[in-house]
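Student: Could you walk me through how the labels on this model are earned? I'd like to see each value set against its cut-off.

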Amino acid sequence: MVTVTDSAQRRTPKAAKTSSVFKKVVMAVSGIILVLYLIAHMIGNLKAFTGRESFNHYSEWIRTIGEPAVPAQTTLWIIRVVLLAAVVAHIWAAVTLWRQAKRARPQGYVTKKAVAQSYASRTMRWGGVIIFFFVIYHILDLTVGAVNPDGTGSTPYDRLVAGFSNPFVTAFYVIALLLLGMHLRHGIWSATQTLGQSNRRREVTVNAFAIVFASLLTLGFLLVPFSVLFGLID
């Protein structure tokens with residue numbers, strides 16, 4: 001009797017594993033790009049403490065980087081395209097990995113580790129959704145001015161003050177940033193695992209770095225809205 005083995009079935013686990021690794025790398029690399037932007041964005045936000053003129057000058061400088069070698073806003077639009085590509089890649093990797101894990105997860109098997117992983121997964125997933133919608137609102141509020149009390153014709157500094165003078169806007173901002181901090185902490189740890197920069201001996205150090213980094217970045221972003229709300233920036 002001859003036993004025939006389906007070669008496609010033997011290759012499927014390996015193909016799935018390769019696909020999963022690729023998606024995790026995409027998520028890690030796109031996440032790094034977004035984190036670098038967040039660092040630059042936070043530093044720019046802190047210029048609000050230097051006053052209206054300095055902040056508005058900084059906002060204008062962003063739009064004129066590369067002039068006169070390139071037309072106005074060319075560099076800014078390149079940055080925007082790269083960020084958009086990173087966001088799309090990050091969301092694609094996150095959604096497909098979640099679906100893949102859901103299909104592979106055995107039913108009715110619950111352990112403490114599984115519960116912890118499920119909690120982290122839900123936090124990342126729903127936190128990411130809220131952050132996504134917050135970013136859209138943030139752009140309409142402070143970048144475009146479409147939903148800002150001072151409107152589209154105001155300066156970046158005036159929109160900043162007008163927006164964060166509203167306690168509800170500031171509260172939404174705080175919630176989104178706290179979720180962003182949680183997202184960053186878990187994301188940094190996951191990225192080091194994916195890119196092979198962590199092992200059992202380094203896990204404590206990597207985890208501590210992720211917590212400190214995420215906390216500092218979150219605090220840096222929160223300084224400006226709270227300062228506006230409590231009258232330190234007006």
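Student: Which residues in α2 meet which residues in α5?

Tutor: Happy to help! Keep in mind that this is a predicted model. In α2, R52, F55, N56 and S59 make the contact, and they meet P156, Y157, D158 and L160 of α5. By class, that contact has 4 nonpolar, 2 polar and 2 charged residues.

Student: Why are α2 and α5 called roughly perpendicular?

Tutor: The axes of α2 (residues 52–63) and α5 (residues 156–164) cross at roughly 115 degrees and come within 8 Å. The label covers 65 to 115 degrees, so α2 and α5 are roughly perpendicular to each other.

Student: What makes the pair of F22 and W92 edge-to-face?

Tutor: The ring centres of F22 and W92 are 6.4 Å apart, and the planes stand at 65 degrees. A pair needs centres within 6.5 Å, and edge-to-face needs planes over 60 degrees apart, so F22 and W92 fit the label. F22 lies in helix α1 and W92 in helix α3, so the pair ties together parts 70 residues apart in sequence.

Student: Why does F22 count as exposed, and why is W92 partly exposed?

Tutor: Exposed means over 50%. F22 has 51% relative accessibility, so F22 counts as exposed. W92, with a relative accessible area of 38%, is therefore partly exposed.

Student: And what makes F209 and F213 stacked?

Tutor: Their centres are 5.8 Å apart and their planes are at 25 degrees; stacked requires under 30 degrees, so the pair of F209 and F213 is stacked.

How values were computed:
Residues numbered from 1 in each chain as written. Predicted model: local features only at pLDDT ≥ 70, side-chain atom pairs only at ≥ 80, totals over all residues. Heavy atoms only, no water. Axes fitted to C-alpha atoms, helices over the stretch in contact; angles between N-to-C directions. Helix = DSSP H or I, 4+ residues; strand = E, 2+ residues; numbered from the N terminus. Parallel < 35°, antiparallel > 145°, perpendicular 65-115°, else oblique. Contact = heavy atoms within 4.5 Å. Nonpolar A, V, L, I, M, F, W, Y, C, P; charged D, E, K, R; others polar. Phe/Tyr/Trp six-rings, centres within 6.5 Å; stacked < 30°, edge-to-face > 60°. Buried < 20%, exposed > 50% of the residue type's maximum accessible area, 1.4 Å probe, protein only.
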